[in-house]
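Subject: A structure for you to look at

Dear colleague,

I am passing on a structure that I would like you to open alongside this message. Please look it over first, and then read the notes that follow it.

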Amino acid sequence: CLLHPGTIGQDLGDLAPRLAQKLGCSVLEVEKRCHPYIGGAIRTGAVKFGSGAIERHFLELESRRCSPAALRLKAYHRASWMCRLMPYCPESLERLIDRCADCGAKLGWRKSHGLDRCDVCGVILRHPDHETLSAQFRDDYRNFAALISIDDAIRDAALRKLHPDVAALPANVLAHLILAMGVTCRTDLMPMSRQVMFVVEP
């Protein structure tokens with residue numbers, strides 16, 4: 001955990017009660033934001049993501065990604081920023097950054113001058129080019145973000161919009177299915193990468 005601080009959420013062990021006491025919240029709230037492997041698998045397979053699940057390789061734990069625009073509104077880290085399936089912030093629709101635009105340092109978890117500041121030079125984070133998601137994709141993108149949200153109310157509301165047979169799929173399989181459909185519907189016939197292929201586990 002000291003070498004890779006982002007991975008601490010995968011196995012808190014007996015730290016959850018102590019961390020909850022330190023933060024002034026319930027143990028349940030801490031555990032809800034952790035992402036242990038499902039079914040005891042190590043390094044492969046799905047991890048818990050809220051009440052749902054995503055494949056481990058879709059979880060970014062090495063670097064800190066963020067939206068400076070969203071941080072200016074409220075300075076807290078959004079769980080969706082850790083999901084590699086989400087290149088844009090569902091809230092601000094700004095492309096996520098993982099480097100300081102001023103000094104070029106990689107944003108991490110070891111030290112902090114505040115979530116809205118660079119780990120190294122301490123300046124307030126800013127976006128280098130203010131890139132945002134094209135307007136034509138925003139509704140669908142936010143719908144997808146809702147389906148993999150760690151917020152139970154948001155995820156449940158999104159699932160209710162789907163056909164019951166589709167909504168009943170395991171969360172990680174549903175995410176892969178949406179990605180596969182997106183690739184299939186592309187007009188440029190882009191081949192699907194091996195990371196996007198999925199297997200329905202028993």
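Please keep in mind as you read that this is a predicted model.

I begin with the enclosed space. The residues that line the largest cavity divide into six nonpolar, two polar and one charged, and by name they are F49, G52, A53, I54, L147, I148, S149, R155 and A171. This cavity holds about 40 Å³ of space, and a search of the whole structure finds one cavity of 30 Å³ or more. Strand β2, which covers residues 52-55, gives the largest share of the lining, namely three residues.

That strand deserves a careful look. Both of its faces are covered, since G52 and I54 on one side of β2 are buried, as are A53 and E55 on the other. The partner of β2 is β1, and the two strands pair in the antiparallel sense over four bridges; within this arrangement, K48 stands opposite A53 in β2. The hairpin that β1 and β2 form has two residues between the strands, and G50 there takes a positive phi near 65°.

One residue of β2 is a useful place to pause, namely I54, which lies in that strand and also belongs to the lining of the largest cavity. Is I54 buried or exposed? Its relative accessible area is 2%, and because buried means under 20%, I54 counts as buried. If we set aside residues up to four places away in sequence, I54 touches G45, A46, V47, F49, L59, C83 and N172. I54 and A171 are 117 residues apart in sequence, yet their C-alpha atoms are 6.9 Å apart in space, and A171 is also one of the residues that line the largest cavity.

Finally, there is the open space to consider. The largest pocket contains about 1,300 Å³ of space, and of the 38 residues that line this pocket, the closest to its centre are R33, H77, R78, A79 and I150. The elements that give two or more residues to the lining of the pocket are α1 (15-23), α2 (27-32), β1 (46-49) and α4 (138-147), so you may wish to find each of these on the model in turn. In the lining of the largest pocket, 23 residues are nonpolar, seven are polar and eight are charged.

With best wishes

Methods. Residues are numbered from 1 along each chain as its sequence is written. This is a predicted model: local features need pLDDT of at least 70, side-chain atom pairs count only at pLDDT 80 or more; totals for chains, interfaces and linings use all residues. Side-chain values use heavy atoms; hydrogens and water are left out. On a 1 Å grid over the protein atoms alone, a cavity is a set of points where a 1.4 Å probe fits but cannot get out, and a pocket is an open set with protein on both sides within 12 Å along at least five of seven lines; lining residues have an atom within 4 Å of a point. Grid points are joined across faces, edges and corners, and a volume is the space filled by probe spheres set on the points. Ala, Val, Leu, Ile, Met, Phe, Trp, Tyr, Cys and Pro count as nonpolar, Asp, Glu, Lys and Arg as charged, and the others, Gly among them, as polar. Buried means under 20% relative accessible area, exposed over 50%, partly exposed in between (1.4 Å probe, protein chains only). Contact means heavy atoms within 4.5 Å. Two strands pair if DSSP finds at least two bridges between them.
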